Amino acid sequence: MENIAGHISSIKASLPDSVTLVAVSKFHPVDVVMKAYEAGQRVFGESRATELKQKALAMPSDIEWHFIGHLQTNKVRMIIPYVSLIQSIDSERLLRLVSDEAVRAGRVVDVLLQVHVAKEETKFGFTPEELIDFASKWDRNSTPGVRVRGVMGMASNVDDDNRIRRDFLDIADAFKALADGPMADAGAFDTISMGMSHDYLMAVECGSNMVRIGTTIFGEREY
Ligand SMILES: *Cc1c(COP(=O)(O)O)cnc(C)c1O
């Protein structure tokens, strides 16, 4: 944790201003995450509901908390008061539930639709075909508690740069297909979240405007 401020500033120096850096703080304790806050970082990503809530309550209120993990339906209500962007909407059912809970809480919550392109079968999300299919049938008036801002995705966990690049381009294409198609009249559909510690520069080359970086800022996680 010695040089968290230094890691953040070198990442920022490598990113165009138009790219949002989400500091992925999952599994790191509040005192460590505060080092990033003190360095000026205000956007943080968490992958577990309980941890997001605990950190949101313990840390300054001008932080934007993003949820980036698989969100269990029974945890949605817990995070609604604290979350500014749910990046990992991986099913129509979850989208509808988040909308219902947001309405119940008197909020509109920004969300991203998770696109699955990676080789691994265990990853959650819509395939690009499922995404287009869903978005063309979906009546946005039926989900007044959410504002869909874009897509989130991950590349395959492989060493092959060509495969990683292809995955990122597929995610960016899925975004474009929605932005030029079913989401053309939606407004504020503007976010492509892709890129992690080991692949974020390539993700930005492929069109990402939001990167989610944990290890390079905070070091290895202890699970
Ligand atoms: C943990 C996580 C990250 C951060 O990964 P690093 O390799 O530590 O940068 C990014 N995105 C998601 C969805 C994650 O779960």
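## Tour of the cavity, the pocket and the ligand

The structure holds 1 cavity of 30 Å³ or more. Keep in mind that this is a predicted model.

**Stop 1: the cavity.** Select Q114, V115, H116, V117, A118, K123, F124, G153 and M154; these residues line the largest cavity. The space inside comes to about 40 Å³. Colour the lining by class: 5 residues are nonpolar, 3 are polar and 1 is charged.

**Stop 2: the pocket.** Move on to the largest pocket, which has a volume of about 470 Å³. Its lining has 23 residues, and K26, I68, M154, M196 and R221 are the closest to the pocket centre. Select those five to centre the view. M154 was also in your first selection, as part of the cavity lining. By class, the pocket lining divides into 9 nonpolar, 9 polar and 5 charged residues.

**Stop 3: the ligand.** What occupies the largest pocket? Show the ligand: the space it takes is that pocket.

Now select the shell around the ligand. V24, K26, I68 and M154 belong to it. So do M196, S197, R212 and I213. G214, T215 and R221 complete the set. In this shell, 5 residues are nonpolar, 3 are polar and 3 are charged.

**Stop 4: the polar contacts.** Show side chains as sticks and check three distances.

- R212: a polar side-chain atom lies 2.9 Å from a nitrogen atom of the ligand.
- T215: an N or O atom of the side chain is 2.5 Å from a ligand oxygen atom.
- R221: an N or O atom of the side chain is 2.7 Å from a ligand oxygen atom.

How much of the ligand's area does the protein bury? On its own the ligand exposes 390 Å², and the protein buries 90% of that.

**Last view.** Keep the ligand and R221 on screen. R221 is among the residues closest to the centre of the largest pocket, and its side chain has an N or O atom 2.7 Å from an oxygen atom of the ligand.

Terms used
Residues are numbered from 1 along each chain as its sequence is written. This is a predicted model: local features need pLDDT of at least 70, side-chain atom pairs count only at pLDDT 80 or more; totals for chains, interfaces and linings use all residues. Side-chain values use heavy atoms; hydrogens and water are left out. A residue is near a molecule or strand if one of its heavy atoms lies within 4 Å of it. A polar contact is a pair of N or O atoms within 3.5 Å; within protein, one must be able to donate a hydrogen and the other to accept it, and residues adjacent in sequence count only if both atoms are side-chain atoms. Accessible areas come from the Shrake-Rupley method with a 1.4 Å probe; for residues, only the protein chains shown count as cover. On a 1 Å grid over the protein atoms alone, a cavity is a set of points where a 1.4 Å probe fits but cannot get out, and a pocket is an open set with protein on both sides within 12 Å along at least five of seven lines; lining residues have an atom within 4 Å of a point. A molecule sits in a cavity or pocket if more than half of its atoms lie within 2 Å of its grid points. Ala, Val, Leu, Ile, Met, Phe, Trp, Tyr, Cys and Pro count as nonpolar, Asp, Glu, Lys and Arg as charged, and the others, Gly among them, as polar. Grid points are joined across faces, edges and corners, and a volume is the space filled by probe spheres set on the points.
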